[in-house]
Amino acid sequence: RRVLFRSIILQVESNTIGMMVDSVSQVLDIDLRQTSSIPVESRQELTNGMVSLPDGTVILLLNYEALVE
């Protein structure tokens, strides 16, 4: 059985990061003004915010700086 991965390339300011993922179902442009803090009891090291979409979906935003440390 062959395992396939997809690559996501992020470019933030002058940093470029490549990530391997199993799949990608959707790509969104998110207005950073829509982000909110993650509740303290749910906060994790690799996340730095969240966005709630109109359909009720919550997206956690990765802290890319913590990924490359």
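A pocket is an open set of grid points with protein on both sides within 12 Å along at least five of seven lines, and its lining residues have an atom within 4 Å of a point. In this predicted model, the largest pocket holds about 950 Å³ of space. Its lining comprises 24 residues. Leu10, Ile30, Ile59, Leu60 and Leu61 lie nearest the pocket centre. Two or more lining residues come from each of strand 1, strand 3 (47-52), strand 4 (58-62) and helix 1. Strand 4 gives the largest share, four residues. By class, the lining of the largest pocket has 15 nonpolar residues, eight polar residues and one charged residue.

The surface was examined next. Leu46, Leu62, Leu67 and Val68 form a nonpolar patch there. Together, these four residues have about 330 Å² of accessible area. Leu67 belongs to helix 1, which spans residues 64-68. The relative accessible area of Leu67 is 33%. Leu67 is therefore partly exposed, since this class lies between the 20% limit for buried residues and the 50% limit for exposed ones. The value for Leu67 is also over the 30% required of patch members.

Val12 is part of strand 1, residues 6-12. With a relative accessible area of 27%, Val12 is partly exposed. That value does not exceed 30%, so Val12 does not qualify as a patch residue. Val12 and Ser52 are 40 residues apart along the chain. Their C-alpha atoms are separated by 22 Å.

Asn48 is located in strand 3. Asn48 counts as exposed because its relative accessibility, 51%, is over 50%. The C-alpha atoms of Asn48 and Gln34 are separated by 13 Å. Along the chain, Asn48 and Gln34 are 14 residues apart.

Charged contacts were then considered. A search of the whole structure finds one salt bridge. Arg33 forms a salt bridge with Asp31. The closest N and O atoms of Arg33 and Asp31 are 2.7 Å apart. The contact qualifies because this distance is within the 4 Å cut-off. The accessibility of each partner was also computed. Arg33 has 74% relative accessibility and counts as exposed. Asp31, at 30% relative accessibility, counts as partly exposed.

Key
Residues are numbered from 1 along each chain as its sequence is written. This is a predicted model: local features need pLDDT of at least 70, side-chain atom pairs count only at pLDDT 80 or more; totals for chains, interfaces and linings use all residues. Side-chain values use heavy atoms; hydrogens and water are left out. Patches are made of residues with over 30% relative accessible area and no salt bridge: like charges are joined within 9 Å, nonpolar side chains (Val, Leu, Ile, Met, Phe, Trp, Tyr) within 5 Å. Accessible areas come from the Shrake-Rupley method with a 1.4 Å probe; for residues, only the protein chains shown count as cover. A salt bridge is a side-chain nitrogen of Lys or Arg within 4 Å of a carboxyl oxygen of Asp or Glu. Buried means under 20% relative accessible area, exposed over 50%, partly exposed in between (1.4 Å probe, protein chains only). On a 1 Å grid over the protein atoms alone, a cavity is a set of points where a 1.4 Å probe fits but cannot get out, and a pocket is an open set with protein on both sides within 12 Å along at least five of seven lines; lining residues have an atom within 4 Å of a point. Grid points are joined across faces, edges and corners, and a volume is the space filled by probe spheres set on the points. Ala, Val, Leu, Ile, Met, Phe, Trp, Tyr, Cys and Pro count as nonpolar, Asp, Glu, Lys and Arg as charged, and the others, Gly among them, as polar.
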